[in-house]
Amino acid sequence: MKTDMITFDEKNQVFNLSNDYISYIFSVEEGKTLAHLYFGKKIRNYHGNLQYPRISRSFSANLPGSKDKTFSRDTLPKEYSSAGEGDFRTPAAVVKNENGAYASFLTYKSYQIINGKPKMQELPASFVDNTEDAQTLIIVLEDKISKLEFDLSYTIFRKYPIIVRSVKVRNMGNKTVFLNKVSSMQLDFVDKKFESITLPGAHMNERNIERNPLHHGLAVYSSNRGVSSPQMNPFIALVDKNTNEFSGEVYGFSLVYSGNHKIELEEDQINQVRLNMGINDYNFSWKLAPEESFQTPEIIMVHSNDGLNGMSQSFHHFIDENIITSKFKNSERPILINNWEATYFDFTEEKLLQLVKKAKDLGIEMFVLDDGWFGHRNDSRSSLGDWTVNTKKFPKGLIHFAKIVHGQGMQFGLWFEPEMISHDSELYKKHPDYLMHVPGRVPSPSRHQYVLDLGRKEVRDEVFNQLDKILSSGQIDYVKWDMNRHLTDIFQADLPADQQGETYHRYVLGLYNLLDRITSKYDNILFESCSSGGGRFDLGMSYYMPQTWTSDNTDAVARMKIQYGTSLIYPTNMIGAHVSVSPNEQTGRLVPLDTRYLVAMSGVLGYELDLTKLSPLESKKIKRQISSYKKFRNLIQFGDFYRLKSPFDTNQAAWNFVSKDQKEALVFSFNVLSDAQPIFTETKMYGLNPDVDYKDQDSGKVFGGDELMEMGFYDEIAKHDFIGKMRYFKAI
Ligand code: GLA
């Protein structure tokens, strides 16, 4: 048995979670208050001496019934707080008691240490294959009056500077309460000069890197759209003012959840910082009857002293090993052609067969049939909910078509949007009540479509059975699971009035339940998550689906930013990236084919354009691109990815991939706009072995690893916008 990572010092009442990289320490203080002491770089041996100063502070409340004015929960850094305990900062939890009072007072009750990590029911969560790789501490806090118990769960992983937290609330009393807010975690900091980094965006402009100084008062980063959303990724990093990609302290947080989320960042009256993160309390209320419990989703907390790249390395490795369940997680992903930007809804079987043939000639490995193959769908107005083939487009059926694709030696993928319903559909005729709506009100359409009431089992069964019929044919190798609108008209038809505040979360639980059934039954199918591109790019979805379509914006210049921001958290093997036509369909921009390829090959490569319209030269180039990607695929999808130059800050972008053994590296550098008086710039690589010599496979020149990282090389100069260059180095 390996050494314990979690210890409890009885004498000082201190809990210590430490591995080779980090320590997380907290203690039980006056009034059985669970006080936060430290989270950061590993402390070799904490001796129990850090004492939060005790002074009498005006307007601060003291412990109930106490005469001691020097102890208050108001400013004390705590592990978890609730409304009603004399802490005027934003509480992590709010409970409405049976008598209507919003009071609770959480005190420490007991603890338990478990080897490994218990499986979470109903929610996606991180896991370990070997119980020796993690330890879990469960702290029980209680409110003596309502008899509610809060299990604070902390799992520390041996191999990573990572702690995963979540909370479970149990009603041990005999009265029903309502949970109006339950954050997955709270983290208080003293004396930190932080800046925050978040990933806001929009459809076709996802995950911009935004950095802001903290200010007094409350900053909120959230989604109330029913999904994690392109508008605000469920992520935040707190960084030192001097932190950059390569050095400085970073705390990174990512929520494993796909619904409404809320991040609260508060600087208090004495410049202390509180971070709460979890399910959004917007229109949320959960009825908790006696003996019932409520589980929050979990948060992955990363600490890095090696800047943002250090944080991303931890996220990438951890997600690959401890979040993604799909058995494809370690397999190289097929290069695909998707017919969406090639044909949109306007296709015939014959047209698709031309695409398939051409794709096959170019070396593409999979054909993905996108929207418009089912019901009588020829535009976005109809047929969602009817997952049966459109026999006008496929007279001999879908399976016949899939077999032809297979006959070409290619895999076959299929698009679905299972959470949706169109008014113009058989499903709506049969079950109009499956459409989520508030009785007596006319629901709002979005892209002409509506959301299914997935909180209900019969609705999920209907979707499952329809998909099951197609997937069980054995002819589908890949599924693109799309979701093209956000939730409005929030109401779950089978819930009573006092439980309607549960609808948003029950929708997500319903979705997870459906995904669990489908992805476990069809574990031989590769799933790619999508929500109008990267509108639901979160770790909840990654648990079921190892890939995500990153953005509906396929413009290579826009993609530099989108993929750069995405890489803060997610590994390259999750990031779907396609070469599309120029001028680009979303921006109208003309970008050279080489640059389009270099950006798309920096993710899971695909093509999404009408291949039958390529010129002979373009065909030749694409054929070469595909065979070159096959050579680099393993390095790109499973090597270590480092950001070098941010397209958010400069006219350039650069990044590099390094193989795990540091024997191979690929570096990409881009210049966005050209200049009449070009400024000379250098790209310096990162993550190489400084003591090893590397040979540039194009020029044959030899460089030391240290040379490439410290001196670098000059960037290309060309009288052209949007140029890119890839260099491939091998250790000698
Ligand atoms: C979404 C997806 C696209 C495409 C369309 C089809 O926008 O992100 O890739 O599948 O839906 O309607």
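**A domain interface and a ligand site**

Lys287 and Asp498 are joined by a salt bridge, with their closest N and O atoms 2.9 Å apart; the term stands for a side-chain nitrogen of Lys or Arg within 4 Å of a carboxyl oxygen of Asp or Glu. The model is predicted, so local features need pLDDT of at least 70 and side-chain atom pairs count only at pLDDT 80 or more, while totals for chains, interfaces and linings use all residues. Residues are numbered from 1 along each chain as its sequence is written, and side-chain values use heavy atoms, leaving out hydrogens and water.

To place this pair, it helps to look at the whole chain. It is divided into domain 1 (6-322), domain 2 (331-638) and domain 3 (652-731), with bounds from an automatic or database domain assignment. The centres of domain 1 and domain 2, taken over C-alpha atoms, are 35 Å apart. Their contact (heavy atoms within 4.5 Å) takes 50 residues from domain 1 and 42 residues from domain 2. Together the two domains bury about 3,800 Å², 59% of it on carbon and sulfur atoms; buried area is the accessible area (1.4 Å probe) that two parts lose on being put together, summed over both.

How many salt bridges cross this interface? The rule finds one between domain 1 and domain 2. It also finds 25 residue pairs in polar contact there, both residues being at pLDDT 80 or more. A polar contact is a pair of N or O atoms within 3.5 Å; within protein, one must be able to donate a hydrogen and the other to accept it, and residues adjacent in sequence count only if both atoms are side-chain atoms. On the side of domain 1 that touches domain 2, at least two residues each come from strand 15 (250-255), strand 18 (286-288), strand 19 (293-295) and helix 1 (307-322). Helix 1 gives the largest share, six residues. Helices (H or I, at least four residues) and strands (E, at least two) are DSSP runs, numbered from the N terminus.

Next comes the ligand. It is surrounded by 13 residues, the closest being Asp370, Asp371, Lys480, Gly533 and Asp552; a residue counts as near if one of its heavy atoms lies within 4 Å. Oxygen atoms of the ligand lie 3.0 Å from a side-chain N or O atom of Trp415, 2.9 Å from a polar side-chain atom of Asp482 and 2.8 Å from a backbone N or O atom of Gly533.
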